[in-house]
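Biologist: I would like to go through this structure and hear the reasons behind the words used for it. Please show it before we start.

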Amino acid sequence: MARATARHILVATEAKCNELKAAIEAGADFAEIAKQHSTCPSSRDGGNLGSFGRGQMVKEFDTVVFSAPLNVVQGPVKTQFGYHLLEVTSRQE
């Protein structure tokens, strides 16, 4: 079964998501941005979601996590929870 590890940042608006993505692309640390801005409890651990299998996350999230290149920030990805920036840190097919 495919497994991945990823981290994410969850915010309420697409505009905020784009603003944070630009900051990360300009050199800001993903984990620090997550700690400061993410509304998900994972923010305490820099947005780290740990390891999970296909189908354990919402569909929009799953699609990106199991197709995106590793270590490249993806998003904004809209789900029922808000807007996410996602970074897949490892994946085993």
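Modeller: The model is a predicted one, and a search through the whole of it finds five salt bridges.

Biologist: What makes the pair Arg 7 and Glu 87 a salt bridge?

Modeller: The side chains of Arg 7 and Glu 87 meet at 2.5 Å, N to O. The cut-off is 4 Å between a side-chain nitrogen of Lys or Arg and a carboxyl oxygen of Asp or Glu, so the pair qualifies. Arg 7 lies in strand E1 and Glu 87 in strand E4, so the salt bridge ties together parts that are 80 residues apart in sequence.

Biologist: Are Arg 7 and Glu 87 buried or exposed, and how do you know?

Modeller: Glu 87 has a relative accessible area of 8%. Buried means under 20%, so Glu 87 is called buried. Arg 7 has 23%. That value is neither under 20% nor over 50%, so Arg 7 is called partly exposed.

Biologist: Why is the contact of Lys 16 with Glu 19 called a salt bridge?

Modeller: The closest N and O atoms of Lys 16 and Glu 19 are 3.3 Å apart. The limit is 4 Å, so the name applies. Lys 16 and Glu 19 are three residues apart in helix H1, and about one helical turn separates them. Lys 16, at 25% relative accessibility, counts as partly exposed, and so does Glu 19 at 48%.

Biologist: Which residues are linked in a network of salt bridges?

Modeller: The network links Arg 54, Arg 91 and Glu 93. Within it, Glu 93 and Arg 91 have their closest N and O atoms 3.4 Å apart. Glu 93 has a relative accessible area of 67%. Exposed means over 50%, so the word fits Glu 93. Arg 91, at 23%, counts as partly exposed.

Biologist: Now the sheet. How do you know that E1 and E4 pair?

Modeller: Nine bridges join strand E1, residues 3–11, to strand E4, residues 82–92. Pairing needs at least two bridges, so E1 and E4 count as paired. The two strands run antiparallel. In this pairing His 8 stands opposite Leu 86, and Ala 6 has Val 88 as its bridge partner.

Biologist: What makes E1 and E2 partners?

Modeller: E1 and E2 share five bridges, in the antiparallel sense. At least two are required, so this is a pairing as well. One of the bridge partners is Ser 51 in E2, which belongs with Thr 5.

Biologist: What is the order of the strands, and which stand at the edges?

Modeller: The order is E2-E1-E4-E3, in an open sheet of four strands. E2 (48–53) and E3 (74–79) stand at the edges; each has a single partner strand, so one side of each is left without a neighbour in the sheet. On average, neighbouring strands are turned by 40° against each other, direction ignored.

Biologist: Which strands does helix H1 touch?

Modeller: Helix H1, residues 14–25, packs on the sheet and touches E1, E3 and E4. Helix H2, residues 30–37, also packs on the sheet, touching E1 and E4.

Biologist: Why is His 84 called buried?

Modeller: Its relative accessible area is 3%, and buried means under 20%, so the word fits His 84. His 84 is found in strand E4.

Biologist: What makes the pair His 84 and His 8 a polar contact?

Modeller: The side chains of His 84 and His 8 are joined by a contact of 3.0 Å. The limit for such N or O pairs is 3.5 Å, so the distance fits. The side chain of His 84 also makes a polar contact with that of Thr 79, at 2.8 Å.

Biologist: Which elements give two or more residues to the largest nonpolar core?

Modeller: That core has twelve residues, among them Ala 4, Phe 61 and Leu 86. The elements giving two or more are E1, helix H3 (59–65) and E4. H3 gives the most, with three residues. A second, separate core has eleven residues, including Ile 9 and Tyr 83.

Conventions: Residues numbered from 1 in each chain as written. Predicted model: local features only at pLDDT ≥ 70, side-chain atom pairs only at ≥ 80, totals over all residues. Heavy atoms only, no water. Axes fitted to C-alpha atoms, helices over the stretch in contact; angles between N-to-C directions. Contact = heavy atoms within 4.5 Å. Buried < 20%, exposed > 50% of the residue type's maximum accessible area, 1.4 Å probe, protein only. Polar contact = N/O pair within 3.5 Å; in protein donor to acceptor, adjacent residues only side chain to side chain. Core = buried A, V, L, I, M, F, W, Y, C linked by side-chain atoms within 4.5 Å.
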